Amino acid sequence: METVTSTAVLPTFSGDNHVSALFLSVIIPAYNEETRLPLYLKQVMEFLELQPFSSEVIVVDDGSGDGTVAIVREFMQRYPRLRLEELPRNCGKGYAVKRGMAVARGKRFMFADADGATPIGELRRLLDAVEAGADIAIGSRAMKSDQCVVKGRAHRKIMGTVFNGLIRVLAIKGIHDTQCGFKLFTVSAAHRIFPLQRVKGFGFDVEILFLARRSGFRIAEVPVNWADVKGSKVRLVRDSFKMFCDVLKIRLYDVAGVYSR
C-alpha cells in the first residue's frame with residue numbers, strides 16, 4: 001500500500017521511472033469523485049486482475065474535499081497494485097494527469113476519466129492500435145463503428161461537435177474527438193510530451209495531441225463505447241470558453257518557442 005502526498009509545484013519526469021517489469025500504468029485523475037469513482041475503480045481493478053500483463057493503477061486526487069481519498073485508501077487494502085497520489089490543492093485535471101504520468105512506471109501509459117464513461121474493456125482496442133504501430137491511441141466518440149455505441153445528451157453532443165470543429169481549424173487537423181478521457185501512450189511518447197505540457201485544465205487534451213503531432217508521433221483515433229454519466233465537473237459553456245482560450249495559448253506558446261525550450 002502506497003500513498004504519496006505531493007508538494008511539488010510542477011511534476012518532474014525521470015527516465016528511470018519505467019525501468020520495471022510493469023507493462024501498463026493506468027492514471028485516473030479524480031476531484032470530488034466519491035460517488036462515481038468506486039464503481040469504476042472496482043471495474044478497473046477486477047479487469048486488470050484478469051489480464052496476462054502486469055499493471056498498476058494510480059489515482060491522482062486533485063485536492064478533493066469529499067471522501068475520495070478515503071475511498072481510494074480503502075480499495076488499496078484489497079488491491080496491492082493500486083497507488084494514491086495526493087495533490088495538496090485543486091490544480092486542474094491536466095495537472096493531475098501530468099503528475100500521474102510523472103510517477104508512472106509501466107511501458108504503456110494510459111489515463112481514464114473517473115466517471116467510467118468509457119468502459120475499461122475498451123482498453124483492448126487502444127492496445128491493438130499501439131501494437132499495430134501507433135505511438136498514441138485515443139478513444140473517440142465521433143468515429144463511427146457498428147461495434148460501438150455512444151450515449152450522450154443532445155446538448156453535449158452539439159457543443160462537442162462545435163468545439164472539435166474549432167480545434168481542427170485552429171490546432172489539430174484530422175482528429176475528430178480530442179476530449180474523450182481515454183488515451184494510451186507508449187512510454188517514449190509520454191516522456192516526450194508530458195514534460196512539455198503547460199495547460200492545467202480541461203484543455204490539456206488538445207495540448208498533448210498538438211505536442212504529439214509536433215513531435216512526429218503517430219496518433220490512432222479509435223472508436224469506443226461511451227455513455228454520459230451524471231455528475232460531470234465540466235460546465236459546457238464556461239469550460240468550453242476556457243478550453244478555447246487554452247487553444248489560443250497553445251498557439252501562442254508554439255509561436256513563442258516555449259515548446260522548444
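Two rings of Phe, Tyr or Trp (its six-membered ring) count as an aromatic pair if their centres lie within 6.5 Å; planes under 30 degrees apart are called stacked, over 60 edge-to-face, and the rest tilted. With that in hand, welcome to the tour. What you have open is a predicted model, where local features need pLDDT of at least 70, side-chain atom pairs count only at pLDDT 80 or more, and totals for chains, interfaces and linings use all residues. Residues are numbered from 1 along each chain as its sequence is written, and side-chain values use heavy atoms, with hydrogens and water left out.

**Stop 1: the aromatic rings**

How many aromatic pairs does the structure hold? There are seven. Select F111 and F204 to see a tilted one, with 5.5 Å from centre to centre and 50° between the planes. F111 belongs to strand β5 and F204 to helix α7 (residues 204–214), so this pair ties together parts that are 93 residues apart in sequence. Helices (H or I, at least four residues) and strands (E, at least two) are DSSP runs, numbered from the N terminus.

F111 is buried, with a relative accessible area of 0%, and F204 is buried at 0% relative accessibility. Here buried means under 20% relative accessible area, exposed over 50%, and partly exposed in between (1.4 Å probe, protein chains only).

Now add F185 and F194, an edge-to-face pair with centres 5.1 Å apart and planes at 75°. F185 has a relative accessible area of 0% and is buried; F194 is buried too, at 0%. Keep all four rings on screen: F111, F185, F194 and F204 form one aromatic cluster.

**Stop 2: strand β8 and its partners**

F185 leads you into strand β8, so select residues 182–186: five of the five are buried, so β8 is largely enclosed by the rest of the structure. Which residues point each way from β8? F182, L184 and T186 point one way, and K183 and F185 the other. This fits a general pattern: in a regular strand the side chains alternate between the two faces of the sheet.

Next, show strand β5 (residues 108–112), which pairs with β8 in the antiparallel sense over five bridges. Two strands pair if DSSP finds at least two bridges between them. To line the two up by eye, find M110, which stands opposite L184. Strand β6 (residues 136–140) also pairs with β8 in the antiparallel sense, over three bridges, and there I136 stands opposite F185.

**Stop 3: strand β4**

Move to strand β4 (residues 82–87), where six of the six residues are buried, so the strand is largely enclosed by the rest of the structure. Turn the view to check both faces: L82, L84 and E86 lie on one side, with R83, E85 and L87 on the other. Strand β3 (residues 55–62) runs parallel to β4 and is joined to it by six bridges. Use V59 as your marker, since V59 stands opposite L84.

**Stop 4: from E85 to helix α3**

Stay with E85 and add R99: a polar contact of 2.6 Å joins their side chains. A polar contact is a pair of N or O atoms within 3.5 Å; within protein, one must be able to donate a hydrogen and the other to accept it, and residues adjacent in sequence count only if both atoms are side-chain atoms. R99 sits in helix α3 (residues 93–103) and is buried, with a relative accessible area of 12%. Select the whole helix next: eleven of the eleven residues of α3 are buried, so the helix is largely enclosed by the rest of the structure.

**Stop 5: S64 and N32**

Where is S64? Look in the loop between β3 and α2 (68–78). S64 is buried, with a relative accessible area of 18%. Its side chain makes a polar contact with the side chain of D61 at 2.5 Å, and the side chain of S64 reaches the backbone nitrogen of N32 at 2.7 Å.

Follow that second contact to N32, in the loop between β2 (24–30) and α1 (37–49). Is N32 buried, exposed or partly exposed? At 27% relative accessibility, N32 counts as partly exposed. Check the backbone here as well: N32 has a positive phi of about 50° although it is not a glycine. For context, most residues other than glycine have a negative phi.
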